[in-house]
Each structure stands twice: as structure tokens, then as C-alpha cells.
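Welcome to this guided tour. Open the structure in your viewer, keep the selection tool at hand, and follow along stop by stop.

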Amino acid sequence: MHTAELQSIPTLTQIGQGEGVYISTYGCQMNENDSERMMSLLEMMDFHSVPTPEQASLIIINSCSIREKPVHKVHSEVGRYRKMKEANPRLRIGVTGCVAQQEKDQLRADIPLLDFVLGTDAIDSLPEVIARVRLNNEPVVNARFQHQAPYHIETLIRNPGVSTFVNITKGCDNFCTFCVVPFTRGRERSRPLQHLLTDVQKLVDRGVREVTLLGQNVNSYESECGVNFAGLLKQLARQTGIERIRYTTSHPKDFNEELMDVMAEHQDKIMEFIHLPVQSGSSEVLERMHRGYSRDEYLGIVEMIYSRLPNAVLSTDIIVGFPGETEAQFQQTMSLLNEVAYENIFAFAYSPRPFTKAQHFSDQISESVKSQRLAQVLALHKETSYALAKQYLGQSLQILVEKFDDETGRVSGRSRQNKSVYFTGGRELIGQTVTVHIQEALPLVMRGERVV
Ligand code: SAH
Ligand code: SF4
Ligand code: F3S
């Protein structure tokens, strides 16, 4: 090849040519983090983020497969881009995330307009893949799991702000019978302890005050040198300058006293908000879900939490209409919701997922029963959550300020209990923790006044 020809081949850092990227993100915080990672990589290639797909020459749909609905949304979103693709031959469209991992080549076979399909372990190959689809115009499918590779990534985030997410594990080995995640995210791997300590300190140096540690089951974190989740929290609290630590999601079967001891000992840094998905209040249903705990064991954990940390705030996930769920078993979920004062719940109608055991259970529940049960759970929760929110009236909460809104002249942030609170204040408060007196309290958002 002549030197002149070589010079005309753009390097990876020039491929974007200043053009726009639109990423649409479905699903959980893992996907949010992956989207941010992709955008960081793409900016290194001279792309920039744009707010609408019409302004983009690269569109990425970062998909979720947890229930049927999000999968449909992915298909209909791609459909909306068909005309744009016909009108603009430079436009490249790809699907990443859990649907990409689940469907692999089949997704491109079903939707030939896709230029690339990237699985959940292939995010870091994005620059190379974009180079291939842009320069050679060749479609790429890369959805192989890196089961054996160690999980060595550094948090990549453009503007971390005050509060950010940090992955500590990837994948899941629990194989709950309803859940697709073990098939879309692969085997569980933990990041090395030292990497996490350095990563969090670097974020602190960039102005981050709060991290939320992320994993499908953070409680089964285990570093290469055998440090468990409680040990990780302790070291993060002691050895980094982070002000607030949160984590999600906890699995009840791995939630132990040692963790509560660390939380109780480091209340200055570890927030007392715990998302502890129960899924069902019936031990028989939990057994068929393969959750690894009974109703009584779950309630025992809740009791242990309150005994060590009386001011703990809990939230949960519920599935209604799991195959074979009888009316009596469903009522046990309702009674559990009465027993445990969850401030927030995420409730879903069971949705059969590919590869999972429960999709083959013969006693599937009708859609009408599922939606009727879902409505009952939501109605019950509405009642309790308003009552629980009222308890905050007149209290003084510690708010870490995250945002300032120009139009209203208000700042907003979250309390230790993860309540969103807004109040009148200036931009200079961003990043500060201030005391706010609560004057209006709804379940999802509260209004207050700063106490100075
Ligand atoms: N790792 C987390 C859950 C991640 S998925 C945990 O174990 O708690 C988030 C939530 O989606 C689950 O807690 C569950 O309530 C819901 N979910 C998962 N699969 C589902 C399915 N097939 N149908 C309905 N809801 C589901
Ligand atoms: Fe899914 Fe269960 Fe793993 Fe959570 S613990 S991601 S529900 S398999
Ligand atoms: Fe969805 Fe995958 Fe998260 S299925 S909920 S994006 S792990």
C-alpha cells in the first residue's frame, strides 16, 4: 500500500468525524452504565452525543430482555428508524445489551437493516466494530461471552457529577426459574478489590460524593483474594474519601449479619437504604422460583436488619402471577406487604422468558388474573407508601445536592434513605450535604426548606 493511501485511512480516534450518536437505553442500571461506557468510547473516536435520533449518524439501542414488553419496544424502535436508514446511507444502527446477547445472529436475520449486534461482554469492542461497519460497511455480530476472562474494567464515565454507579460484579449464577439475566449477562465475576478502591478514589478526585455499587447480587461479591461484600464495603468506607456508599441489588439468600455489622459500624458513610427483592410472600412459590429462602427466612432477615439498624429503609421487587400461583399464595404476598413496611416497591406481572425453566411450567396464569393481582398489589402499596411518606413531615433530612434547576431556582438531591427532595437554593450547593426540613412529603418526592 502507498503511503498516501495509508494516510487516508482514518485512525480509530478520527472515525466519528464529529458526527452525532444517539443511544437509547432500556432496562436496569447495568445498561445505563454500559450506555455511558459506550458514549465515552465513542467520544474518544470523535463522535458526540445528540439528543434526537434524527441528528445522529450512529444509533445504538441498548436493549433489555427482562420481560416481554421491553423486547417489543426494541423491535418497534428499530422499525421507526427504517425510513431514516433508507434516506441516509451513512446512518449505522446497532443493538447492544440483553436482547442482543439473547438473540445474537438471529436478531440480524430478523432485522436485516441492523449494522451490528453486540452482546453484553462485547462493549469494549465497540470502537473496532464501528470502524468495520463505517469503513467497510460490513455487518458485525459479536455476542460471545468472556466467561473465563477476569473482570478488569475501569469505570468509564464522562461527567460523573455528584453521584455515580460503579459495577462491582457482572453476570449472575442464581438461575431463578423466571429470570433471563443469567443467560444474557453470563457467569458471575467480581472485580478485584484493589481495582475498586482505586476506581472509587479516582471518582472522588473528580468530585464524586456518592457511589452506588452495582451487581445482580452484590452480596455474592468475592475478590480474588477472598474478600466478601461486607469486607469490600468496610475497605471502601475506611480507605477512600467517598462520602456516601449505596448498593443494589441485594439477594436475601446471601444477606448476612456480617454485612449488617459493617453497615452499623460505618453509618457515617454507608446509607441505611436496602433494596431487598422478595418476589413472593409464599414459601411454595419461592421454592418454585428457586430463590433459596422461605417467607420466614426472609422475615428473619428483615428483623435482623431492623435490630441492627433501626432506621433502615427497605424497598422490594414483587412478581405476581408466577406459574401455579394460587389465590391463597397471592394473598400471602399481600400479607407480607402489610407486614414489611416497604417505602417503595417494583411490582411486575410474570412474563415467560426464553431459556428459563418457568416458561415450561404447565400451570401458567392467565393475563387477566395477572393484571388483576398486579392492580391489587399496587393499590395496597399506594396506601402504605403515602402513609409512610407522611412520617417524614417535619423531619430534618441530610440531603446531598445533585442538581440545580435554572427555571425554578431549586436544587434537588437525595436523603440518606434515598428520598428525592427539592428546595430553594443556589447552584453552589451542588456536591454539598445540607440539612433540609421536610414540608411536603409524597412517596416519590418531597419538598423542604434548608435549615441554616
Ligand atoms: N438481581 C435482582 C433482580 C434483577 S431483575 C434480584 O435478584 O433481585 C429485576 C426484577 O425484575 C426482579 O427482581 C423481578 O422482580 C423482575 N423480573 C425478572 N424476571 C421477570 C419475569 N420473567 N417476569 C416478571 N418480572 C421479572
Ligand atoms: Fe435474575 Fe435471580 Fe439472578 Fe436476580 S438473582 S438476576 S432475579 S437469576
Ligand atoms: Fe434488562 Fe439485562 Fe438489566 S435484561 S434488567 S438490561 S440485566
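Before the first selection, one definition will help: Ala, Val, Leu, Ile, Met, Phe, Trp, Tyr, Cys and Pro count as nonpolar, Asp, Glu, Lys and Arg as charged, and the others, Gly among them, as polar. Please also keep in mind that this is a predicted model.

**Stop 1: ligand 3**

Select ligand 3 and then show its surroundings. Around ligand 3 you will find Cys28, Asn31, Cys64, Ser65, Ile66, Cys98, Arg185 and Gln216. How do the residues of this shell divide into nonpolar, polar and charged? Try colouring them by class: the shell around ligand 3 has 4 nonpolar, 3 polar and 1 charged.

**Stop 2: ligand 2**

Now move on to ligand 2. Its surroundings are made up of Cys172, Asn174, Phe175, Cys176, Phe178, Cys179, Val181, Pro182, Gln216, His251 and Arg291. With the class colours still on, you should count 7 nonpolar, 3 polar and 1 charged residues in the shell around ligand 2. Leave Gln216 selected, since this residue is listed around ligand 3 and around ligand 2.

**Stop 3: ligand 1**

Next, select ligand 1. There are 15 residues around ligand 1, and those that come nearest are Phe178, Gln216, Gln279, Asp317 and Ser351. By class, this shell has 7 nonpolar, 4 polar and 4 charged residues.

Zoom in on three contacts here:

- Phe178 has a polar backbone atom 3.0 Å from a nitrogen atom of ligand 1.
- Gln216 places a backbone N or O atom 2.7 Å from a nitrogen atom of ligand 1.
- Asp317 has an N or O atom in its side chain that is 2.6 Å from an oxygen atom of ligand 1.

How much of the accessible area of ligand 1 does the protein cover? On its own, ligand 1 has 550 Å² of accessible area, and the protein covers 90% of this. Switch to the cartoon view to find strand S13 (313-320) and strand S14 (344-349), the elements that give two or more residues to the shell around ligand 1.

**Stop 4: the sheet of 6 strands**

Stay in the cartoon view and look for an open sheet of 6 strands in the order S2-S1-S3-S4-S5-S6, paired in parallel. Which strands stand at the edges? Strand S2 (48-49) and strand S6 (140-142) do, each with a single partner strand, so one side of each is left without a neighbour in the sheet.

Select strand S1 (residues 20-25): 2 bridges join S1 to S2. Click on Val21 in this pairing, and you will find its bridge partner in S2, Ser49.

Now add helix H3 (residues 68-87), which packs on the sheet and touches S1, strand S3 (58-63) and strand S4 (92-96). The direction of H3 makes about 170 degrees with that of S3. Then add helix H6 (residues 126-136), which also packs on the sheet, touching S3, S4, strand S5 (116-118) and S6.

**Stop 5: the sheet of 3 strands**

Another open sheet has 3 strands in the order S7-S10-S11, with parallel pairing. Strand S7 (163-167) and strand S11 (244-248) are at the edges with a single partner strand each, so one side of each has no neighbour in the sheet. On average, neighbouring strands here are turned by 25 degrees against each other, direction ignored.

Select S7 with strand S10 (residues 210-214), which pair over 5 bridges. Thr164 has Val211 as its bridge partner in S10. Helix H8 (residues 193-205) packs on this sheet, touching S7 and S10.

**Stop 6: two backbone details**

Most residues other than glycine have a negative phi, and most peptide bonds are trans. Select Lys104, in the loop between helix H4 (97-103) and helix H5 (105-110): this residue is not a glycine, but has a positive phi of about 45 degrees.

For the last selection, go to Thr249, in the loop between S11 and helix H10 (257-265). The peptide bond from Thr248 to Thr249 is cis, with omega near 5 degrees.

Note on methods
Residues numbered from 1 in each chain as written. Chains lettered and ligands numbered in written order. Predicted model: local features only at pLDDT ≥ 70, side-chain atom pairs only at ≥ 80, totals over all residues. Heavy atoms only, no water. Near = heavy atom within 4 Å. Pairing = 2+ DSSP bridges. Helix = DSSP H or I, 4+ residues; strand = E, 2+ residues; numbered from the N terminus. Axes fitted to C-alpha atoms, helices over the stretch in contact; angles between N-to-C directions. Contact = heavy atoms within 4.5 Å. Polar contact = N/O pair within 3.5 Å; in protein donor to acceptor, adjacent residues only side chain to side chain. Areas by Shrake-Rupley, 256 points an atom, 1.4 Å probe, with all protein chains shown as cover.
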